[in-house]
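Colleague: Could you walk me through a few side chains here? I'd like to go one at a time.

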Amino acid sequence: KKKSIQIAIEVIEKVSERIHSQFAPQINKEVSELIKKITNERYTNIKIDDKLGISVENPNTREIVPLDSLSGGTIDQIHFSLRYSIINSMEKENFPLILDDCFIQYDDTRLENILRYLDEISDNVQILLFTCHNREKDILDRLNLKYNFINIS
């Protein structure tokens, strides 16, 4: 029984390494591209390791910035970029992207950037954005971006 479990662990680890080596370069590229858009190129190089550990490079000094030294908003933006990139790289079906108040810690500039990005991808994916704030609506209106608004209060 122990030998079977050990063999299963080894097989799972090998499969995990293969999957990581296939998807990691593309995910790192997509996460970096998206965070570059969101942050107006403040951060341009994000690395995701095989355990989904995140490394952020300071573009000015090339030093690795500890994730916990970044603002809550920037951490949320990196996590959004990672989740979206993983889903985008694996799923070929066009399932809706459901977002529930996930931009709450974004400043107005970065919120505008992510809303512009969502507008870019909205031809290929349905986006459902739930929020209890008016900031998103105000920015969408100001940018004259197309959306459907439903007030469920």
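Colleague: Which helix does S32 lie in?

Modeller: This is a predicted model, and in it S32 belongs to helix α1, which spans residues 2-38.

Colleague: And is S32 buried or exposed?

Modeller: S32 is buried, because its relative accessible area is 8% and the cut-off for that class is under 20%.

Colleague: What is S32 in contact with, leaving aside neighbours within four places in sequence?

Modeller: With those neighbours set aside, S32 is in contact with T44, N45 and I46.

Colleague: Switching to rings, how many aromatic pairs do you get?

Modeller: The count comes to four aromatic pairs. One of them is Y84 with Y117, whose ring centres are 6.0 Å apart and whose planes stand at 85 degrees, so this pair is edge-to-face.

Colleague: Where do Y84 and Y117 sit in the chain?

Modeller: They link distant parts of the chain, since Y84 is in helix α2 (residues 72-90) and Y117 is in helix α3 (residues 108-121), with their positions 33 residues apart. Both Y84 and Y117 are buried.

Colleague: What about F103 and Y106, how is that pair arranged?

Modeller: F103 and Y106 make a tilted pair, at 5.0 Å centre to centre with 55 degrees between the planes. F103 is buried at a relative accessible area of 0%, and Y106 also counts as buried, at 2%.

Colleague: Which residues form the aromatic cluster?

Modeller: One cluster is formed by F80, Y84, F103, Y106 and Y117.

Colleague: Last one: what does the charged end of K137 sit over?

Modeller: The charged end of K137 sits over the ring of F149, at 5.3 Å from the ring's centre.

Notes:
Residues are numbered from 1 along each chain as its sequence is written. This is a predicted model: local features need pLDDT of at least 70, side-chain atom pairs count only at pLDDT 80 or more; totals for chains, interfaces and linings use all residues. Side-chain values use heavy atoms; hydrogens and water are left out. Helices (H or I, at least four residues) and strands (E, at least two) are DSSP runs, numbered from the N terminus. Buried means under 20% relative accessible area, exposed over 50%, partly exposed in between (1.4 Å probe, protein chains only). Contact means heavy atoms within 4.5 Å. Rings of Phe, Tyr and Trp (its six-membered ring) pair if their centres lie within 6.5 Å; planes under 30 degrees apart count as stacked, over 60 as edge-to-face and the rest as tilted. A charge sits over a ring if NZ of Lys or CZ of Arg is within 6 Å of the ring centre and within 35 degrees of the ring normal.
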